[in-house]
Amino acid sequence: MAARTKATLADKLDQKVFDAIYSRALVYNTCWEDPAVDRQVLHIGAGDRMLVITSAGCNVLDYVLLEPEQIHAVDANPRQNALLELKLAGIRQLDFEDFFAAFGRGYHPRFEQLYRGTLRPDLSPFARAFWDRRVRWFGNPSGSFYFHGLSGIVAKTFHRYLRFRPRLAASIDELFETRSLDDQRHIYDNRVEPLIWTPGVNWTLSRQLTMSMLGVPHPQRKEVQQQHERGVAGFIRESVDYVFRQLPVWTNYFWMVYIRGRYTEHCCPEYLQPDNFSALKGGLVDRISLHTCTVAELLAESDRRYSKYVLLDHMDWMSSYHPDALAEEWALILKRARGDARIIFRSAHAAPTYLERLEIGPERRLLHDRLRFHSELAAALQRQDRVHTYAGFHVADVLA
Ligand SMILES: C[S@@+](CC[C@H](N)C(=O)[O-])C[C@H]1O[C@@H](n2cnc3c(N)ncnc32)[C@H](O)[C@@H]1O
């Protein structure tokens, strides 16, 4: 069994802070993983039964547009599922304009009224109790829903910081208005990059508290630090350089929503586009079921078999401090996998050690021997990834 990493006093403190804030908060107000890349390896179709970790639910709504038989959206954090519940109620009950105002622009002047009168009856008791106290997140004309939740607070802090950097703020606005990579690169290289990486920004990025707010516990931060001579700030700088120099900013709704606090009609997730909204409203949302528990608990509770698994980067949270739980989870993933099952996940480390060392089941077989990885395909697609903050993207098929 993979050795459990011995936690230092600082680690224990960091973990306590992470657990304290994570166990009380909505962390992700939007999914920070690119479903357009996932679609190219998942080949979702009518016969698929998928297990997908919810996070903010954007990607669950993206995948269901490809009409799989069923998606089981699971998350250990009930607030993440409460967000997907609110989106599902919005799709079922609201017209597109009202829905886009709330989840596209992050602001709707009459959201409280719509919530109490139309959406609330559709929600579970937990989701009602959660949103009853936070419906105002959608009601601030100079704010946005996307400036709430832990990751949203980091986005809001950067947004406020730009008020003190008007030249940088103007250049970033100009950057998002470009429609050619050459123009984009020119503005980024000459008027954004030279201004953004100040000692203050680098210092803030290398704080564990900042990373915890972004849902990056210290084991994951350490994975990044070990791979990059300039630490977390260096890794993020490299990612931002790549995103704004190599990928068209005008389709990058991930960085746009965190920098501007809203999407636009032309730069937004698939579920916020009118035709897709109609298809979801027309019945596709009924193919989604929500589960508030761990992946292992969901897999253990029934003998349902899955053809596609989307596991995000949650294993980084478990790998070094809960290797037994990770081994148990993988054993269940393999046990509940259909013969043709495909699994995708991401990691802070390009080659996480747990993949090499983890032993599964009573016969203690190496996990690696039970999976066929498509490393070249994954590496090729990772170059298109609009988020670009994961060193590892993994595409694996279950071997019989
Ligand atoms: C590391 S985050 C992934 C977030 C993702 N990168 C994103 O931005 O969309 C992990 C997500 O998985 C959930 N999670 C973590 N461990 C889990 C587990 N064992 N079972 C189910 N959900 C889990 C967390 O609540 C969180 O929503």
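**Salt bridges, ligand shell and local geometry**

D182 and R185 are separated by about one helical turn, because the two residues stand 3 residues apart in helix 10 (residues 181-196); helices (H or I, at least four residues) and strands (E, at least two) are DSSP runs that are numbered from the N terminus. The model described here is predicted, so that local features need pLDDT of at least 70 and side-chain atom pairs count only at pLDDT 80 or more, whereas totals for chains, interfaces and linings use all residues. Residues are numbered from 1 along each chain as its sequence is written, and side-chain values use heavy atoms, with hydrogens and water left out.

Within helix 10, the side chains of D182 and R185 meet in a salt bridge with an N to O distance of 3.8 Å, a salt bridge being a side-chain nitrogen of Lys or Arg within 4 Å of a carboxyl oxygen of Asp or Glu. D182 is exposed, with a relative accessible area of 57%, while R185, at 24% relative accessibility, counts as partly exposed; here buried means under 20% relative accessible area, exposed over 50%, and partly exposed in between (1.4 Å probe, protein chains only).

The structure holds 23 salt bridges, among them one in which the side chains of D132 and R116 meet at 3.9 Å, N to O. This pair links distant parts of the chain, with D132 in helix 7 (residues 125-132) and R116 in helix 6 (residues 111-119), 16 residues apart. D132 counts as partly exposed at 24% relative accessibility, and R116 also counts as partly exposed, at 39%.

The salt bridge between the side chains of R342 and D397 has an N to O distance of 2.7 Å. Distant parts of the chain are linked by this pair, since R342 belongs to strand 5 (residues 337-347) and D397 to strand 9, 55 residues apart. R342 counts as buried at 11% relative accessibility, and D397 likewise counts as buried, at 14%. Beyond these pairs, E33, D38, R346 and D385 are linked in a network of salt bridges.

E33 reappears in the surroundings of the ligand, where, of the 20 residues around the ligand, Y22, E33, S55, D75 and Y390 come nearest; a residue is near a molecule if one of its heavy atoms lies within 4 Å of it. By class, this shell has 11 nonpolar, 5 polar and 4 charged residues, where Ala, Val, Leu, Ile, Met, Phe, Trp, Tyr, Cys and Pro count as nonpolar, Asp, Glu, Lys and Arg as charged, and the others, Gly among them, as polar.

Three contacts to oxygen atoms of the ligand can be described individually. A polar side-chain atom of Y22 lies 2.8 Å from an oxygen atom of the ligand, a backbone N or O atom of W32 lies 3.0 Å from an oxygen atom of the ligand, and an N or O atom in the side chain of S55 is 2.7 Å from an oxygen atom of the ligand. Taken alone, the ligand exposes 590 Å², of which the protein buries 97%, the accessible areas coming from the Shrake-Rupley method with a 1.4 Å probe.

Two residues other than glycine were found with positive phi values. In R364, phi is near 50 degrees; R364 lies in the loop between strand 6 (359-360) and strand 7 (365-366) and is partly exposed, with a relative accessible area of 45%. In H388, phi is positive at about 60 degrees; H388 lies in the loop between helix 21 (375-382) and strand 9 (392-398) and is buried, with a relative accessible area of 18%.

The loop that follows helix 10 and leads to helix 11 (199-205) holds W197, which counts as buried at 13% relative accessibility. W197 and G234 are 37 residues apart in sequence, and their C-alpha atoms are 9.7 Å apart in space.

At the surface, L13, V17 and L209 make a nonpolar patch of about 280 Å². V17 is found in helix 1 (residues 9-22) and counts as partly exposed, at 36% relative accessibility. Patches are made of residues with over 30% relative accessible area and no salt bridge, like charges being joined within 9 Å and nonpolar side chains (Val, Leu, Ile, Met, Phe, Trp, Tyr) within 5 Å.

Technical notes: Polar contact = N/O pair within 3.5 Å; in protein donor to acceptor, adjacent residues only side chain to side chain.
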